[in-house]
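Student: Could you take me through one part of this model up close? I'd like to know what holds the metal ion and what sits around it.

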Amino acid sequence: MRVLTAEQMRDLDRQAIEEIGIPGLVLMENAGRASAEALLRAFADRCCAPVLILCGKGNNGGDGFVVARHLRNRELKVEVLVLAPREKIGGDAAVNLAILERCGQTVRFVPDDESLAAALVDARAGLIVDALFGTGLSSEVRGHYRRAIDWINASGLPVVAIDIPSGVDAGNGHILGRAVQADLTLTFAAAKLGHLLSPGAQCCGRLEVIDIGIPKHLRPRPDDLHLWTRWEEAATLLPERPATGHKGTFGHLLVIAGSRGKTGAAILAAEAGLRGGCGLLTLATAASAQPVVAAALAEAMTEPLADDDGGISVDALPAVRRLLEGKAALALGPGLGQTPRTAAFVRQLVADCGLPLVLDADALNLLAADLSVLAPGRRIPPVMTPHPGEMARLVGCSVAEVEQDRVAVARTFAVRHGVVLVLKGAPTLVAAPDGRIGINGSGGPVLATAGSGDVLTGLIGALIAQGLAPFEAARLGCYLHGLAGDRLARRHGAAGVLAGDICRELPAARAALNPKGETAC
Ligand SMILES: NC(=O)C1=CN([C@@H]2O[C@H](COP(=O)(O)OP(=O)(O)OC[C@H]3O[C@@H](n4cnc5c(N)ncnc54)[C@H](O)[C@@H]3O)[C@@H](O)[C@H]2O)[C@H](O)CC1
Ligand SMILES: [K+]
């Protein structure tokens, strides 16, 4: 599903109104009416007490007036508070305010702390509708708006946010001072980045997208494409598994990983490759680590590589070049260590390797010093899977700077270096070399466990080996990894699940996602 920036939403709105000629009042009516219906579907039992509707001075408040009218039409009691003076309400919102009042609804104006406090003392509600700010929020929330948000959050009542929880920046998910914590968010036309990116995502509760009649053929400008990877989209990415297939059909993945003391990372990446469905897997590692990995994973072929103090040496390159023959993809990095000779090995291998690549962990750290080996313009873009710390090293900034604008950091890097960039986090982002951004819709804190990233690396490698293009493999890999975690969290809770458990859950997650299999997780 496409996700919009606040600017793109404004542009769609503008096109619908100015170019197509749909009056803004019609869009507001559709938004408010459908919101009232959705609210009743979700919270009918809360509506015997009055519904308290808090409205701001913009069109989000206007939606609140329409919601109030439609709830009244169903003979429900509503209380409407407007946090601005009457004369500040203009445009379509003012039209709907006048209609609401002519329907007999009392509307209280509480434009300052004192009047707001007095009104809230009197308020008796079973449910709150937050129509204070929508996509028009442009600066930090202060004064009586901030106090209203604090009151909402402390009320203990269920909260329905209209369009976006007030205080969340629709463009990036930042919280501007304070934000409403909603149980249900009803947004219009499409999800916005602010609904999916943290910390805004955690304020939304359940997110429902409502059709307000913006014609489907309109394309928002700028044309940046953000795609939300949810169940439906991930299912369409699954590689075929023909009944006549054999292990050669499903690709041979080469994993180069591990060093003395870091064999677990190599084992997890390799096991995830096999559980991710590749037909054959070879795990090449430092000679001193090879007996350990061979004993741990009977199903993988293993190869000992020239060893330098427990890590892979640059002298391993000729043997590795032979190993690349006949392989469908190479996953490189987990547990390699960071000795200078391993660094030389990784740089030369990445520079020469014509196979599809998945680069993670130590491979990222070793490449950070000289990204020129990525050589933009490769026929098949490498996939890189940094967590925010590794991303910060790759771009030479702080983790806080990465977190400040994760979408821009991921997109800029992917475009500049011609790679598919998987920026891990909540949510994980997948940036393509052409600037598209996938926003992963599965997973949670259950995935924050040692070795979880190694599993993701092996899984993405396996999906490429099965024939997926790197951007699709990365999007599906992130979704399946998160889905495996979600399924485990449902059974065991979000803490204490091991990376090996995530790995073992991958086949069941994939089976659940298969449109031909019926089980939902
Ligand atoms: N197609 C649609 O999605 C439709 C959306 N609708 C709703 O309209 C809002 C956007 O309306 P807009 O008037 O542009 O902005 P807001 O209502 O979000 O309010 C902004 C309002 O508040 C002022 N303001 C901004 N920041 C602050 C601040 N920190 N403190 C105080 N005041 C602030 C600003 O100057 C404005 O006056 C969208 O979200 C939908 O809910 C339409 O109903 C129909 C179509
Ligand atoms: K709102």
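Tutor: Sure, let's start at the potassium ion (ligand 2), which is coordinated at 2.6 to 3.1 Å by Asn 60 (OD1), Asp 130 (O), Phe 133 (O), Ile 162 (O), Ile 164 (O) and Ser 166 (OG). Donors here are N, O and S atoms within 2.8 Å of the metal (3.2 Å for Na, K and Ca), and water is not among the atoms, so sites may look incomplete. Keep in mind that this is a predicted model, where local features need pLDDT of at least 70, side-chain atom pairs count only at pLDDT 80 or more, and totals for chains, interfaces and linings use all residues. Residues are numbered from 1 along each chain as its sequence is written, chains are lettered from A and ligands numbered from 1 in the order in which they are written, and side-chain values use heavy atoms, with hydrogens and water left out.

Along the sequence, the donor residues follow the spacing N-x69-D-x2-F-x28-I-x1-I-x1-S. Two of them are buried (under 20% relative accessible area, with a 1.4 Å probe and protein chains only): Asp 130 has 0%, and Phe 133 has 18%.

Asn 60 also links us to ligand 1, as one of its backbone N or O atoms lies 2.8 Å from an oxygen atom of ligand 1. Asp 163 brings a polar side-chain atom to 2.5 Å from a ligand 1 oxygen, while an N or O atom in the side chain of Asp 13 is 2.7 Å from a ligand 1 nitrogen. These are polar contacts, meaning pairs of N or O atoms within 3.5 Å.

Conventions: Buried means under 20% relative accessible area, exposed over 50%, partly exposed in between (1.4 Å probe, protein chains only). A polar contact is a pair of N or O atoms within 3.5 Å; within protein, one must be able to donate a hydrogen and the other to accept it, and residues adjacent in sequence count only if both atoms are side-chain atoms.
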